[in-house]
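Student: Please take one part of this model and look at it closely, then work outwards to its surroundings. I would like one connected account rather than a list.

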Amino acid sequence: MNNTALLNEIASSFQVVPMPSKGALSIHQRDCPQCAYLRSYLEEQRDRKITGDVIRYLHNELSCLSTAGLKWILPHYLEFCLTPEAEYSKLETEFLIYHLGPELKFQHEAKAQLSCLHQKQIDCLVHFLEWCEIHPSWSEYCPDDIQRALNFMRTLL
């Protein structure tokens, strides 16, 4: 699958939704400074265009997003991963691969977070990972992580 075909699939699979309310963005509502900081940062971004800076911030915070937060950011995040900017920095795509292929002890939480997605969206994530699998850089850099992510995502089919 080439970039254009994958971008078209992302656009047809993921409806762009508004950012959830501040309280609905993260999984922890109380006693979690990391989630509180995430909510504050994202609240500052409300009604702004999702830029590479926002995606870069979120790359290491994906597991803190609620199902609503993940559903909101995924179309933007996936599209970003196909840009030259993402090709240069690489961390955002790398961490998405890791997030979609959690270790066994984190799979229950990942399944709960991904439960907001419908079949077409799960299929799109599988196609994104298949794109990574044949990508010149990603196929060399983290083939085992891509395979783990593909195996995990296929359990959701």
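Tutor: A residue is called buried when its relative accessible area is under 20%, exposed when it is over 50%, and partly exposed in between (1.4 Å probe, protein chains only). The model is predicted, so local features need pLDDT of at least 70 and side-chain atom pairs count only at pLDDT 80 or more, while totals for chains, interfaces and linings use all residues. Residues are numbered from 1 along each chain as its sequence is written, and side-chain values use heavy atoms, with hydrogens and water left out.

The part I have chosen is helix α6, which spans residues 91-100; helices (H or I, at least four residues) and strands (E, at least two) are DSSP runs numbered from the N terminus. Seven of the 10 residues of α6 are buried, so the helix is largely enclosed by the rest of the structure. The buried residues of α6 are Glu92, Thr93, Glu94, Leu96, Ile97, His99 and Leu100, a list in which Glu92 and Glu94 appear alongside Leu96, Ile97 and Leu100.

Histidine 99 deserves a separate look, since this residue of α6 counts as buried at a relative accessible area of 13%. Setting aside neighbours within four places in sequence, histidine 99 is in contact (heavy atoms within 4.5 Å) with Leu62, Ser63 and Gln113. Gln113 falls within α7, which covers residues 107-114.

On the other side of α6 in sequence, the loop between α5 (84-89) and α6 holds lysine 90. Lysine 90 is partly exposed, because its relative accessibility is 30%, and its phi is near 70°, a positive value in a residue other than glycine. Aspartate 31 offers a parallel case elsewhere: aspartate 31 has a positive phi of about 55° although it is not a glycine, and its place is in the loop between α1 and α2 (33-45). Aspartate 31, at a relative accessible area of 79%, is exposed.

Next comes the packing of α6 against another helix. The axes of α6 and α10 are 7 Å apart and the two helices pack at an angle of about 45°, where axes are lines fitted to C-alpha atoms, for helices over the stretch in contact, and angles run from 0 to 180 degrees between N-to-C directions. α6 and α10 are therefore oblique to each other (under 35 degrees counts as roughly parallel, over 145 as roughly antiparallel, 65 to 115 as roughly perpendicular and the rest as oblique). From α6 the contact involves Ile97, Tyr98 and Leu100, and from α10 it involves Asp145, Ile146, Ala149, Phe152 and Met153. Sorted by class, this contact of α6 with α10 has seven nonpolar, no polar and one charged residues (Ala, Val, Leu, Ile, Met, Phe, Trp, Tyr, Cys and Pro are nonpolar, Asp, Glu, Lys and Arg charged, and the others, Gly among them, polar).

Helix α10, residues 143-155, also packs with α7, at an angle of about 60° and with the axes 11 Å apart. α7 and α10 are therefore oblique to each other as well. On the α7 side Gln107, Ala110, Lys111 and Leu114 make the contact, and on the α10 side Phe152, Met153 and Thr155 do so. By class, the contact of α7 with α10 has four nonpolar, two polar and one charged residues. Phe152 and Met153 of α10 thus appear in the contact with α6 and again in the contact with α7.

Beyond α7, leucine 117 sits in the loop that leads to α8, and leucine 117 is buried, because its relative accessibility is 10%. Apart from neighbours within four places in sequence, leucine 117 is in contact with Phe14, Leu74, Ile122 and Leu125. The C-alpha atoms of leucine 117 and lysine 71 are separated by 7.2 Å, although the two residues are 46 residues apart along the chain.

Helix α8 (residues 119-134) brings in the start of the chain: its axis and that of helix α1 (residues 3-13) come within 9 Å and cross at roughly 160°. That makes α1 roughly antiparallel to α8. Among the residues that meet here are Leu6 and Ile10 in α1 and Cys124, Phe128 and Trp131 in α8. By class, this contact of α1 with α8 has five nonpolar, five polar and three charged residues.

These pieces belong to a chain with 10 helices and zero strands, in which 45% of the 157 residues count as buried. Of the contacts in the chain with a separation of 6 or more, 69% come from residues 24 or more positions apart. The C-alpha atoms fill a box of roughly 40 × 35 × 25 Å, taken along the principal axes.
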